[in-house]
Amino acid sequence: MLALFSINWNPNPELFNLFGSIPIRYYGLLWVIGIALAYVIVHRQYRDRKIDEKKFEPLFFYCFFGILIGARLGHCLFYQPDYYLNHFWEMILPVKFLPDGGWKWTGYEGLASHGGTLGLIISLWLYCRKTKMHYMDVLDMIAVATPITACCIRLANLMNSEIIGQPTDVPWAFVFERVDMLPRHPAQLYEAIAYFIFFLGMVYLYKRGLKKQVSLPYHRGFYFGLCLTEIFVFRFFIEFLKENQVNFEDSMRLNMGQWLSIPFIIIGIYFMCFYGKRKK
């Protein structure tokens, strides 16, 4: 009976093959789209603040590699350290080495959002050292655009049929055929929708901030704190509807995603509620 109300989900994760051997996946494409959208949004903010274009030019480089390196290392070290510490080059290169001595192009199959966030924060610190911009000003501008990138990343997970939800009988359940034939919560879609709503809220607050609405706390660090708080609070609770990603989480009261979210929530609340006011 449940199958009658479920959505069968089994898209081909590969969009096409480049040169006949390198697969172009929806996963990578949606990552690029998410970062590109953030690039456009942050560029607009630089123009609104009349910041020199030369300072903006290197920003994409720092963000792209900061997110990619952080997300990859985060997945390998947080979720599968036993494997990747013994297969170091697979952690660095987008390939899998085969037992017969050959290799297979896989792309970066594991990327962790917590690691990507940490990598971005570190890379922006390096960027600010180079450009002499105020660190919190840059973090605030990036924060306005971050939820739309997070939305695209979760849609990428949906196309890959990964980070699936627990079995359920809700009428909008997805049957991830590449995993099993059980109706499950489309947890990736829940997150994508939530992050898109967060993005609309951030843009709304940003536009009101441009009009100097004094009734809202637009102190330095507010957008950064709000972004961390809303994303990782939602991430903490949505984990209760997800399957654990690795076996060792089965013995944990809270899974790895929840434990990693807690520090970001604390940091977010601090910057949203206290940092700018203390400086002021």
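Here are a few notes on the surface, the aromatic rings and one histidine in this predicted model.

1. Start with the outside. Phe61, Phe65, Ile69, Leu73, Leu77, Leu85, Phe88, Trp89, Ile92, Leu93, Phe97 and Trp103 together make a nonpolar surface patch of about 1200 Å². Two elements give two or more residues to this patch, namely α3 (59–78) and α5 (88–92). Of the contributors, α3 gives the most, with 5 residues.

2. Phe97 is a patch member worth a click. You'll find Phe97 in strand β4, which covers residues 95–97. Its relative accessible area is 39%, so Phe97 is partly exposed; that clears the 30% cut-off for patch residues.

3. Now the rings. How many aromatic pairs does a search of the whole structure find? The count is 22. One of them is Phe60 with Phe64: the ring centres are 5.9 Å apart and the planes sit at 20°, so this pair is stacked. Both residues belong to helix α3, and because they are 4 residues apart there, about one helical turn separates them.

4. Are the two partners of that stacked pair buried, exposed or in between? Phe60 comes out at 35% relative accessibility, so it counts as partly exposed. Phe64, at 27%, is partly exposed as well.

5. Tyr62 and Tyr127 also pair up, this time edge-to-face, with 5.7 Å from centre to centre and 65° between the planes. Tyr62 is in helix α3 while Tyr127 is in helix α6 (residues 113–131), so the pair ties together parts that lie 65 residues apart in sequence. Tyr62 and Tyr127 are both buried.

6. Zoom out a little and these rings belong to one cluster: ring pairs link Tyr39, Tyr46, Phe56, Phe60, Phe61, Tyr62, Phe64, Phe65 and Tyr127. Phe61 and Phe65 are in that cluster, and they turn up in the nonpolar patch too.

7. Last, have a look at His114, another residue of helix α6. With a relative accessibility of 1%, His114 counts as buried, because the cut-off for that is under 20%. Which backbone oxygen lies 3.2 Å from a polar atom of the His114 side chain? That oxygen belongs to Gly257. Leaving aside residues up to four places away in sequence, His114 touches Tyr79, Phe232, Arg235, Gly257, Leu260, Ser261 and Phe264.

Methods. Residues are numbered from 1 along each chain as its sequence is written. This is a predicted model: local features need pLDDT of at least 70, side-chain atom pairs count only at pLDDT 80 or more; totals for chains, interfaces and linings use all residues. Side-chain values use heavy atoms; hydrogens and water are left out. Patches are made of residues with over 30% relative accessible area and no salt bridge: like charges are joined within 9 Å, nonpolar side chains (Val, Leu, Ile, Met, Phe, Trp, Tyr) within 5 Å. Accessible areas come from the Shrake-Rupley method with a 1.4 Å probe; for residues, only the protein chains shown count as cover. A salt bridge is a side-chain nitrogen of Lys or Arg within 4 Å of a carboxyl oxygen of Asp or Glu. Buried means under 20% relative accessible area, exposed over 50%, partly exposed in between (1.4 Å probe, protein chains only). Rings of Phe, Tyr and Trp (its six-membered ring) pair if their centres lie within 6.5 Å; planes under 30 degrees apart count as stacked, over 60 as edge-to-face and the rest as tilted. A polar contact is a pair of N or O atoms within 3.5 Å; within protein, one must be able to donate a hydrogen and the other to accept it, and residues adjacent in sequence count only if both atoms are side-chain atoms. Contact means heavy atoms within 4.5 Å.
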